[in-house]
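Colleague: I am new to this structure. Please pick one helix, look at it closely, and then follow the links that lead away from it.

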Amino acid sequence: MFSEYDVIVVGAGHAGCEAAAASANMGCKTLLITMNMQTIAQMSCNPAMGGVAKGQIVREIDALGGYSGIITDNTMIQFRMLNRSKGVAMWSPRAQSDRMLFAAKWRETLEQIPNLDFWQDIVPKLLIKDNRVYGIVTGMGLEIRSKTVILTNGTFLNGIIHIGEKQFSGGRTGEKSATGITEQLIELGFEAGRMKTGTPPRIDGRTINYSATEIQEGDVPAGKFSFLDTPPLIKQKPCYITYTNPEVHEILKTGFEQSPMFQGRIKGLGPRYCPSIEDKINRFAERDRHQLFIEPEGWNTVEIYLNGFSSSLPEHIQYKALRKIPGLENVKMFRPGYAIEYDYFPPHQLKLTLETHLIENLYFAGQINGTTGYEEAACQGLMAGINAALKIQEKEPLVLKRSEAYIGVLIDDLVNKGTEEPYRMFTSRAEYRILLRQDNADIRLTPIGYKIGLASQERIERTQRKIHQTNQIIEYFKQNNVSPDEVNTWITEYNTTLIEQKIKWFQLINRPQLEISHFAKHHTGMRQFLAQFSTEAIEQAEIAMKYEAYIIKEKELADKINHLEYVTIPESFDYKKITALSNEAKEKLLKVRPQTLGQASRISGVKPSDIAILMAFIGR
């Protein structure tokens with residue numbers, strides 16, 4: 001019934017979809033196996049993509065040739081660029097999505113990929129021999145062979161759902177959990193742990209008094225994620241903001257005795273940066289209100305996602321508290337919030353390719369590695385799919401450096417630092433964030449995606465055109481002068497001083513008060529010059545000129561540190577024989593098994609002196 005596959009992807013969430021699409025598009029015969037074909041790419045929690053640092057990840061996925069950005073652009077109902085008031089390194093795109101449309105578009109896209117097959121079944125067991133995976137066994141007892149397997153099980157591994165004192169098995173509300181794989185992997189020597197995440201109640205938008213809330217509109221014109229020509233968003237749906245209050249907090253506190261979190265029934269650690277509402281009022285007792293976002297679930301539904309009100313308290317407590325929130329006095333609830341506890345595998349057990357150390361050709365991606373969020377999962381799926389394909393093709397693996405991508409930061413953090421709580425990406429985690437902006441993800445990564453056979457010819461041509469145009473604009477600004485009589489008539493409108501002699505346009509654009517759009521508005525020659533270039537190239541050139549000194553400094557720093565990335569450590573290297581290494585360094589190095597000196601230098605507990613000793617032993 002089944003011939004042998006190159007890649008089997010287990011799980012069809014955000015990680016699984018990107019993994020399957022990447023390996024299939026790179027020419028590998030791929031099977032995507034899921035417990036339910038109707039829930040492919042389901043947005044299990046909030047109906048949104050992107051956000052602070054997460055938006056950069058979605059643009060990076062797109063630049064490499066993944067689909068998350070394209071799907072989001074085709075199904076979003078609102079777009080906002082966050083942090084516009086801050087520096088460009090902080091700008092982060094975010095979109096509200098139509099939940100049902102998002103999943104439908106993903107499935108439609110996957111079904112159009114020629115090398116990709118589908119199968120609906122559970123996977124309780126992997127086929128493993130001599131520390132190498134060679135396929136899976138399904139719940140129906142079918143053995144399906146493959147050269148590689150990628151596990152993207154999300155919250156389904158031994159998932160338990162908690163609502164007050166009630167608890168029941170499940171990987172998501174209304175769906176059963178997955179058993180068998182955790183037990184098998186532990187038997188093989190893997191270390192496993194438990195984590196927890198949660199979701200808020202879904203409410204009836206027809207029962208909300210929106211006049212008692214604050215409206216939150218999208219950007220006009222709306223931006224987008226993909227660097228390709230995805231359709232522009234013309235019409236948008238607003239979101240709304242409301243707040244909890246002391247009365248809401250007092251009601252919620254009455255349920256603390258039945259809280260699975262406070263009573264110790266939940267053992268797994270929850271996400272620090274997305275706590276439940278009961279956790280918030282417990283940890284921040286001094287605050288008398290917390291912000292809530294009223295987010296529509298799509299164009300053609302009245303269902304609302306109440307962002308900020310994640311809870312596992314008894315449903316009657318949730319309902320009672322909801323009705324004390326401004327605008328929600330008469331609200332009806334579609335379903336309560338709940339917490340879900342699930343198995344994960346601490347990611348120090350992985351190589352930077354996301355292949356496991358213990359079992360060859362077995363890859364982990366997504367929440368199985370201890371992350372939280374669609375974007376973090378999707379980028380891991382993409383990288384696992386890419387690296388599985390490259391291994392089959394006997395090509396060099398793809399490991400993105402911390403100076404190349406947020407994706408590189410995320411995977412490097414997971415493998416070298418590990419995580420004991422759900423990992424979430426922030427701009428503060430990236431030491432080279434001026435280099436890793438959302439606007440230049442295509443320039444950074446599309447050449448890489450094209451080289452490995454994932455990014456299309458169209459993508460690379462668009463990127464090359466953007467680079468060429470950007471350079472032309474910068475060159476013009478650096479070579480051409482502007483005289484006082486050309487600008488002094490309008491320059492003071494922007495709270496900047498007059499110029500007294502001819503200066504380069506480059507000097508003028510470096511004034512923080514001035515923008516290229518000001519020049520185009522007031523100067524005919526500049527307006528005519530800029531008319532030949534794309535908006536993206538103009539924006540790119542402006543950022544490159546305004547931040548030139550910072551960009552150069554950060555590149556020099558990255559180059560200085562990256563030289564260690566080229567010093568490889570043999571996999572069989574025996575750290576125990578080096579008596580000069582500290583015991584802590586030996587322990588950490590044996591645990592993580594770094595592939596390069598650069599990776600070794602980022603492991604907590606490994607000191608610069610340990611790196612110097614290693615360098616001497618490796619023969620440098």
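Modeller: Start with a word we will need throughout. A residue is called buried if its relative accessible area is under 20%, exposed if it is over 50%, and partly exposed in between. Keep in mind that this is a predicted model.

The helix is α9. It runs over residues 374–392. It has 19 residues and reaches 27 Å from its first C-alpha to its last. That is close to the 27 Å expected at 1.5 Å a residue. Of its 19 residues, 17 are buried, so α9 is largely enclosed by the rest of the structure. Just after the helix, E394 takes a positive phi of about 55 degrees.

Now the nonpolar side. In soluble globular proteins, nonpolar side chains tend to be buried together. Here the largest nonpolar core has 125 residues. L151, L362, I386, I407 and L614 have the most contacts inside that core. Its largest share, 11 residues, comes from α9. Another core lies apart from this one. That other core has 26 residues, among them F477, I509, I516 and I538.

Look at I407 next. Leaving out neighbours within four places in sequence, I407 is in contact with C379, M383 and L400, among others. The list also includes I57, E60, I61 and L64.

Go back to α9 and find E375. This residue sits in the helix. E375 is buried, because its relative accessible area is 3%, and the cut-off for buried is under 20%. What does E375 touch, not counting residues up to four places away in sequence? Its partners are A48, M49, G50, K54, I57, V58 and I61. Both E375 and I407 have I57 and I61 on their contact lists.

M49 leads on to a sheet. Three strands form an open sheet in the order β3-β5-β4, with antiparallel pairing. Its edge strands are β3 (48–50) and β4 (76–82), and each of them pairs on one side only. On average, neighbouring strands of the sheet are turned by 15 degrees against each other, direction ignored. Strand β5 covers residues 92–97 and is joined to β3 by three bridges. M49 stands opposite A95 in β5. So the residue that touches E375 also has a place in the sheet, because the contact list of E375 includes M49 and M49 faces A95 in β5.

Helix α3 (residues 68–75) can be viewed next. Seven of its eight residues are buried, so this helix is mostly covered. The buried ones are S68, G69, I70, I71, T72, D73 and T75.

Next, follow the chain beyond α9 to a charged pair. D412 forms a salt bridge with R402, and their closest N and O atoms are 2.9 Å apart. D412 lies in helix α10 (residues 406–417), while R402 lies in the loop between α9 and α10, so the pair ties together parts that are 10 residues apart in sequence. Buried or exposed: which are D412 and R402? Both are buried.

Compare a second pair. D610 forms a salt bridge with K607, with the closest N and O atoms 3.9 Å apart. D610 is buried, at a relative accessible area of 2%. K607 is partly exposed, at 40%. Salt bridges that share partners also join R402, D412, D413, K417, E431, E565 and R602 into one network. K607 itself lies in the loop between α20 (597–601) and α21 (608–618).

A third pair is E143 with R145, where the closest N and O atoms are 3.6 Å apart. R145 is partly exposed, with a relative accessible area of 40%. E143 is partly exposed as well, at 46%. In the whole structure, a search finds 37 salt bridges.

To recap the helix: α9 is largely enclosed, because 17 of its 19 residues are buried. Its residue E375 touches M49, among others. The loop between α9 and α10 holds R402, so the salt bridge to D412 ties that loop to α10.

How values were computed. Residues are numbered from 1 along each chain as its sequence is written. This is a predicted model: local features need pLDDT of at least 70, side-chain atom pairs count only at pLDDT 80 or more; totals for chains, interfaces and linings use all residues. Side-chain values use heavy atoms; hydrogens and water are left out. A salt bridge is a side-chain nitrogen of Lys or Arg within 4 Å of a carboxyl oxygen of Asp or Glu. Buried means under 20% relative accessible area, exposed over 50%, partly exposed in between (1.4 Å probe, protein chains only). Helices (H or I, at least four residues) and strands (E, at least two) are DSSP runs, numbered from the N terminus. A nonpolar core is a set of buried Ala, Val, Leu, Ile, Met, Phe, Trp, Tyr and Cys residues joined through side-chain atoms within 4.5 Å. Contact means heavy atoms within 4.5 Å. Two strands pair if DSSP finds at least two bridges between them. Axes are lines fitted to C-alpha atoms, for helices over the stretch in contact, and angles run from 0 to 180 degrees between N-to-C directions. The expected span of a helix is 1.5 Å times one less than its number of residues.
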